[in-house]
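Okay everyone, thanks for coming. I'd like to walk you through a structure that is new to most of us, so let's get it up on the screen.

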Amino acid sequence: MADSSSGRVVETKRHSALVGFLIRLVKEKPLGTVGGVITLLLLLTGIFADVLVPYPYYELHTADILAPPSARFLMGTDFMGRDLLSRVIFGARVSVIIGLSASAMATLVATFIGILCGYIGGKFDLVVQRFVDAVMCLPNLIILIFIISIVGAGILQIILVLGTVWGIGGSRLIRGAAIGVKENVYVAAAVAIGCPTTRILTRHILPNIMAPIIIYFSTVVPGVILTEASLSFLGFGIPPPMPSWGSMLSLGGRKYMFLSQWPIIWPGLALSIVVYGVNMFGDAVRDILDPRLRGGVGRYGVGVKKEEKRNDSKK
Amino acid sequence: MIPTLFIVSIVIFLLIRLIPGSIVDAIVGQQQAFGIAEEVDRAAVERALGLDVSLATQYGRWIGVVPQAEGNFSGILQGDFGNSMWKPATVLEEVAIRWPVTLELGILALIIGQLIALPIGVFSALRQDTWGDYIARSFAIMCIAVPGFWLGTMVIVFPSLWWGYMPPIALIPFTEDPIGNLEMFILPAIVLGMAMSGMTMRMTRTMMLEVLRQDYIRTAWAKGLRERVIVIRHALKNALIPVITVIGWQVPILVGGAVIIEQIFCLPGMGRLFLNAIQLRDYPLVSGVTLLFGIGMVFINLIVDVTYGFLDPRVHYR
């Protein structure tokens, strides 16, 4: 998909990559900016969870079981009298940890497999891709539950398993990008002057497929957060007492859902807002990094900035 | 397709056997925890699972190219997916009563998903970067962002609190009471369809944007055709082709979603069968069901690919 564009992404002139990016983000992508703010808030909440919480997440207030929101408990309490706000805040920390590390893991796995397959090609590519096919044709959640039921639930297991399974699927994208870059003359030149393969991969291929890699990372984060919540909801995620937004809903939340609705409302709301924000932010990042989708509007003649080059859309 | 299925079976087979944390330990631990037996004979459990022979033989037996301990060939190639460990039923018997539920849920969700997605996606592309577009895109992302298990829970709780409405719990067969059957499936299907529509909506928008920049659309405008004709006849028809692929991609998500939705709405489908089997550590059933999911998925992808060939005259299969 992004293979043809990746070559040009790096060549576009930016005064300072980050500043230029932020200016464009705010100017051109209002929704992306909102998403960015939500993402930033999530990050800060996760990092400063210890400072932000009014009570420890495990503290029982037995006199106030299933209390509605009040000045003392801003979001109310759950069936054991634990402060929901504190648990939602700590749930944010879990989401940040899982979201970042599992996505990083997935990106690493995808990049590793993708670059090797794309650059080496031939039989190696053929064989590895059949395995990728096999993993991709099993539903993600099924295979995750399957593996986690064997290795056991836990934060580390979730990160490793989630990262590997998602990474294998994502290697397709990176492979496509790597194949596109491999055809460039500078790679042939590097081979001609006797560059070792590892150097070609890390110095010539990798920098030129950074755009698809960043895009892939940004699309994985919300998916990973949501999947962790689903796994925790089904009991295959973060084991209690650590609060995860998914397990807050299933453990206790649903059992007492007709008595008090607050324990099921808050975690889902937090999850929805976060996934929405991260998605929007990722979208904006993709739009800005991927020039193929830039410019032009749906109706012909109004603001079409530049015709796409014909061969761009072909290969 | 056949090689893929072959590798899928190898992957499933190896997953159970090579991942640290053996099933035998899990089963022994569980039997002790349940008080079924104080001293569990590990070797007996291994024999019962057929783990007492070499990996290659085990795989051969499972697939059906190596004779079983009794000397007969009965494996997947012979149509025998093995037996459940706890229930006196074969894997196929268990699956036979469950799959229609999941299929109906999936098809309904697919239809509802497209009904939501296509009009909004087209609208969003036509009004790119206007407020209408932003609202439509926000809605698309919201469909993706709102977790199905949360939406499902809310859909059960609030109608029953406000209007005293509960979706029927016991399964009503379609042949007996079509209306009651649909009533039972409609809420879960909407929840599942919402989750899927987000992706299709975004894909429709992207593809429409790409197609609307093509030369033949300019020609159509130049000919003075009405916008409606250009959008529906010229643009949408071509933009939809890649959208079909997305529907193919969504099937795994659909199945994953079905696992959760069936759990929430108490629908006795494949997803619940899978979860129950996992919770009971019924690994013959688990691997059988997983392989069947894989087979189903491969077939659906085949159907999508073939449809693609019919829809897009540029695609030829040799």
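Let's start with helix H7 of chain A. Its buried residues are A:Asn140, A:Leu141, A:Ile142, A:Ile143, A:Leu144, A:Ile145, A:Phe146, A:Ile147, A:Ile148, A:Ser149 and A:Ile150. That's 11 of the 12 residues in H7(A), so we can call this helix mostly covered. Before I go on, keep in mind that this is a predicted model.

Does the length of H7(A) come out as expected, or what do we get? Well, with 12 residues at 1.5 Å each, H7(A) should span 16 Å, and its end C-alpha atoms are indeed 16 Å apart, so the two agree. Right after the helix ends, A:Gly152 has a positive phi, about 95 degrees.Now, who does this helix meet? Take A:Ile142: setting aside neighbours within four places in sequence, A:Ile142 is in contact with B:Val255, B:Gly256, B:Val259, B:Phe274, B:Thr290 and B:Phe293. Every partner on that list carries the letter of chain B.

That brings us to the interface. How many residues of chain A are in contact with chain B? There are 44 of them, and they meet 52 residues of chain B. On the chain A side, the elements that give two or more residues are helix H6 (122-136), helix H7 (140-151), helix H11 (210-234) and helix H13 (262-289). Which of these gives the largest share? Our friend H7(A) does, with nine residues. As for the chemistry of that side, we have 29 nonpolar residues, 10 polar and five charged.

The next thing to look at is the nonpolar core. The largest one has 159 residues, and those with the most contacts inside it are A:Ile142, A:Leu144, B:Leu192 and B:Phe274. The largest share of this core, 17 residues, is from H5(A). You'll remember that A:Ile142 and B:Phe274 are also in contact with each other.

Let me step back to the chains. Chain A has 14 helices and zero strands, and chain B has 12 helices, again with zero strands. Of the 315 residues of chain A, 48% are buried, while for the 318 residues of chain B the figure is 36%. If we take contacts in chain A with a separation of 6 or more, 71% are between residues 24 or more positions apart. For chain B, counting contacts at least 6 apart, 67% join residues at least 24 apart.

One more helix is worth a look, and that's helix H8 of chain A, residues 155-182. With 28 residues at 1.5 Å each, H8(A) should span 40 Å, and the end C-alpha atoms are 38 Å apart, which agrees. Where does H8(A) bend? At A:Gly169, by about 35 degrees. And 21 of the 28 residues of H8(A) are buried, so the helix is largely enclosed by the rest of the structure.

Last topic: confidence. Chain A averages a pLDDT of 78, with 86% of the residues at 70 or above. Which helix of chain A has the highest confidence, and which the lowest? Helix H5 (residues 84-120) is highest at 89, and helix H14 (residues 310-314) is lowest, at a mean of 40. Two stretches of chain A stay under 50: residues 1-12, for which the model has 35 contacts beyond four places in sequence, and residues 293-315, for which it has 31.

That's my tour, and I'm happy to take questions.

Technical notes: Residues are numbered from 1 along each chain as its sequence is written. Chains are lettered from A and ligands numbered from 1 in the order in which they are written. This is a predicted model: local features need pLDDT of at least 70, side-chain atom pairs count only at pLDDT 80 or more; totals for chains, interfaces and linings use all residues. Two residues are in contact if their C-beta atoms, placed from the backbone, lie within 7 Å. Helices (H or I, at least four residues) and strands (E, at least two) are DSSP runs, numbered from the N terminus. Ala, Val, Leu, Ile, Met, Phe, Trp, Tyr, Cys and Pro count as nonpolar, Asp, Glu, Lys and Arg as charged, and the others, Gly among them, as polar. A residue is buried if 20 or more other C-beta atoms lie within 10 Å of its own, exposed if 12 or fewer, and partly exposed in between; C-beta atoms are placed from the backbone. pLDDT is the predictor's confidence in each residue, from 0 to 100. The expected span of a helix is 1.5 Å times one less than its number of residues. The bend at a residue is the angle between axes fitted to the seven residues ending there and the seven starting there. A nonpolar core is a set of buried Ala, Val, Leu, Ile, Met, Phe, Trp, Tyr and Cys residues joined through C-beta atoms within 7 Å.
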